[in-house]
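Biologist: I would like to understand how the words we use for a structure are earned, so could we go through some of them together, one step at a time?

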Amino acid sequence: MKSFRKEITVTTKKRYDIVHITPLVEEALRESGIREGICLVNPMHITASIFINDNESGLHADFLEWLEHLAPYNPKGYRHNVGEDNGDAHLKRQIMGREAVIAVTNGKLDFGTWEQIFYGEFDGQRPKRILIKIIGE
Ligand code: ZN
């Protein structure tokens, strides 16, 4: 069995953003040389998410609006916000999840028709790391 590890860094211009990262994960899979196995992708931060959904801008705007409704930005409104202001970002990340696991079949990410991988940033404007770990043969 082979094991491959790669970190990529994303810096968003906005505090909240959704970034399509499927091509970066496909590049890592090519580098790994693994044809059959499992690919794990997770942010190495607790105010960001990796999730799989549709690559459609209206849906992404809907996600961000929905998250803002559930956990609005409010520097004084969270018990976590003692010396920081990202209480909302921790809650948003929890709703959107931590990681994605994708089957690798015949050297490709084995997606359903509309599945793509996204990085959800909820406290951005600084470098954030994403881990890609691929195991298999
Ligand atoms: Zn925090």
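Biologist: Why does Asp123 count as buried or exposed, whichever of the two applies here?

Modeller: This is a predicted model, and in it Asp123 has a relative accessibility of 9%. Buried means under 20% relative accessible area, so Asp123 counts as buried.

Biologist: What makes the contact of Asp123 and Arg126 a salt bridge?

Modeller: Their side chains meet with N and O 3.0 Å apart, and the cut-off for a salt bridge is within 4 Å, so the pair qualifies. Arg126, at 35%, is partly exposed, and both residues belong to a network of salt bridges that also links Arg15 and Asp85.

Biologist: How do you know that Lys92 forms a salt bridge with Glu68?

Modeller: The closest N and O atoms of that pair are 2.7 Å apart, which again satisfies the limit of within 4 Å. Lys92 lies in helix H3 and Glu68 in helix H2, so the salt bridge ties together parts that are 24 residues apart in sequence. Lys92 is buried, at 1%, whereas Glu68, at 28%, is partly exposed, because that value falls between the limits of 20% and 50%.

Biologist: Why are strands E2 and E4 said to stand at the edges of the sheet?

Modeller: The open sheet has the order E2-E7-E4, with antiparallel pairing. Strands E2 and E4 each have a single partner strand, so one side of each is left without a neighbour in the sheet.

Biologist: What makes E2 and E7 a pair?

Modeller: Pairing needs at least two bridges, and E2 and E7 have four, in the antiparallel sense, so they count as paired. Within E7, Tyr119 is the bridge partner of Val19.

Notes: Residues numbered from 1 in each chain as written. Predicted model: local features only at pLDDT ≥ 70, side-chain atom pairs only at ≥ 80, totals over all residues. Heavy atoms only, no water. Helix = DSSP H or I, 4+ residues; strand = E, 2+ residues; numbered from the N terminus. Buried < 20%, exposed > 50% of the residue type's maximum accessible area, 1.4 Å probe, protein only.
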